[in-house]
Amino acid sequence: MKQWWKEAVVYQIYPRSFNDSNGDGIGDIQGITEKMSYLAELGIDVIWLSPVYDSPNDDNGYDIRDYRAIMDEFGTMDDFDAMLEEAHRHGIKIMMDLVVNHSSDEHQWFMESRSSKDSPYRDYYIWKKGKDGQPPTNWGAFFGGSAWQYDEASDEYYLHLFSKKQPDLNWESETLRREVYDLMTYWLDKGVDGFRMDVINMISKDPSYPDGQTQGTGYGDGTPFFFNGPRIHEFMQEMNREVLSKYDTITVGEMPGVSVEEAKLYTGEDRNELNMVFHFEHVDVGNGSFGKWNPTDWKLTELKTIFSRWQEGLEEEGWNSLYWSNHDQPRAISRFGNDSPEYRVRSGKMLATLLHLLKGTPYIYQGEEFGMTNVAFDSIDQYRDIETLNAYRDYTSKGLLTHDEIFRGIHERGRDNSRTPVQWSDEAHGGFTTGTPWIEVNPNYVDINAEAAQKDPNSLFHYYRQLIALRKANPLVVYGKYELLLPEDEAIYAFTRSFEGEAWLVLCNFSGDTQQRDLPYDVKERVIGNMEPIEPFTLRPYEAQVYKL
Ligand code: NOJ
């Protein structure tokens, strides 16, 4: 079925790093408003706004203290309202981040909950007795250490799948669920257009709380007991019935460990749950024995297998989201392309071509549109991300990885790669702030910045504009069926899209060498590409071409 959110292109803003309007070194809401015409020029339809709620910033806003207030550093509710109005004036919708697997430990609910076993808020969180002086289960937290924190006052532990300042909310409590639906309604009534839901497939936990298999870190893997847990679809359907069904929204659930089969249940049109999910399979390629901290090589065939499984799996039922990067992932060009001066723009265009020609709703992460790259800080003191800092401490102190080993992981895959400030110009600090930025700007801002890209008609920025325009003009790009070609090829990603008697061929060279292939097609017209083609089936390094068949 045709839907506006299938036709849309989403742009993610990580407010802390986007644009600082008041010189305190921290991006803010007025800074977003200032850039609305830039985003309109790019042609995007929806902004996914990472959290702007009041937060003590243990995890940069993914630890919310008050779901109905704006973080001081980001501005006021008036600033928010003005931004929303300005977005809507440009025809841009706002998708809020909804972080309700956990709150901050400084949220009123948690302070009440912790205050006494008899508090009416006690069961808003997950409290358990220990086992023989040990935590209730052996689960490790995603940000290191045990997933349980001992509370002396009540002699019980609370669950926190992330940091100990992010206690998990107890979705078994109907009252808690009502609170969540009310806060969602508050924002929708204000006029926001939807939600990106943080780790939403973790909200239903296996009530028996079993131990998990011990991992290299010494902790147990709890994920089988809370990824897509027993009541998850009941909760999602309830949320849809109580809130989402009453508004015209765009929704996407962030879901580590989700399979295609599960995704059909979350996104099938008659299921009344969500529009789409973010899976992690393609961004996890090349994970080592300690996940992203000791990465290994990956192959193009792995990427193709993953994308094709999702494309084919959700062809009839459900809908895909498409992304290369976000605030938790490294920069797309450094990760999947080639960030050398010679190939940065070309490979960026190739990656953009592939992603925007797959079937699904594409997401652009701030700075991706003009080709920002990873950063390689020398010292751990230059990093800010709690996940990176904790991993560095834990892996090196336990002797699991050496300083050099984990630094390779941090440089390749750490979250701060995407959190350095957006490089707006070649002015000091990339024009992000007149003050001192909360995290250093990537020194390559002198060459790589939005202003330079806007001025250059051959830039990545203008190429993204063309891709977005192509989507708007051609229903095939949105609704066409995907078919993979050359499945075994380690250099060329080739596929067709077809719709109502029309077919397009997409060719992307992921390698640094010229590649020639024989394909049984007569190409008609060239639709778009990152270089003037020489011959349809000969592709120079990182070349991408799209043809009508
Ligand atoms: C996923 C978010 O994208 C990430 O930034 C955050 O740290 C965790 N969820 C916890 O909220």
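# Angles and contacts

Modeller: Helices α7 and α8 are roughly parallel to each other. Keep in mind that this is a predicted model.

Colleague: Why are α7 and α8 called roughly parallel?

Modeller: Their axes come within 10 Å and cross at roughly 25°. Angles under 35 degrees count as roughly parallel. So α7 and α8 earn that label.

Colleague: Which residues make up helix α8?

Modeller: Helix α8 covers residues 260-267. As for handedness, α7 passes α8 in a right-handed crossing.

Colleague: What makes α6 oblique to α7?

Modeller: Helix α6 is residues 174-190, and helix α7 is residues 232-242. Their axes cross at roughly 45° and come within 10 Å. Under 35 degrees would be roughly parallel, and 65 to 115 roughly perpendicular. An angle of roughly 45° fits neither range, so α6 is oblique to α7.

Colleague: Is the crossing of α6 past α7 left-handed or right-handed?

Modeller: The crossing of α6 past α7 is right-handed.

Colleague: Why is α12 called roughly antiparallel to α13?

Modeller: Take helix α12, residues 386-397, and helix α13, residues 403-413. The two axes cross at roughly 155°, coming within 10 Å. The cut-off for roughly antiparallel is over 145 degrees. The α12 and α13 pair therefore counts as roughly antiparallel. Here too, α12 passes α13 in a right-handed crossing.

Colleague: Now the ligand. Which residues are closest to the ligand?

Modeller: The closest are Asp 59, His 102, Asp 198, His 327 and Asp 328. In total, 13 residues surround the ligand.

Colleague: How do you know that Asp 59 makes a polar contact with the ligand?

Modeller: A polar side-chain atom of Asp 59 lies 2.5 Å from a ligand oxygen atom. The cut-off is 3.5 Å between N or O atoms, so this pair counts. His 102 also has a polar side-chain atom 2.9 Å from an oxygen atom of the ligand. For Asp 198, the value is 2.7 Å, again to a ligand oxygen atom. Both fall within 3.5 Å, so they count as well.

Colleague: How much of the ligand does the protein bury?

Modeller: Alone, the ligand exposes 290 Å². The protein buries 98% of that.

Colleague: How do the residues of the shell divide?

Modeller: Seven are charged, four are nonpolar and two are polar. Asp counts as charged. Asp 59, Asp 198 and Asp 328 therefore belong to the charged group.

Key. Residues numbered from 1 in each chain as written. Predicted model: local features only at pLDDT ≥ 70, side-chain atom pairs only at ≥ 80, totals over all residues. Heavy atoms only, no water. Near = heavy atom within 4 Å. Polar contact = N/O pair within 3.5 Å; in protein donor to acceptor, adjacent residues only side chain to side chain. Areas by Shrake-Rupley, 256 points an atom, 1.4 Å probe, with all protein chains shown as cover. Axes fitted to C-alpha atoms, helices over the stretch in contact; angles between N-to-C directions. Helix = DSSP H or I, 4+ residues; strand = E, 2+ residues; numbered from the N terminus. Left-handed = near helix turned anticlockwise from the far one by under 90°.
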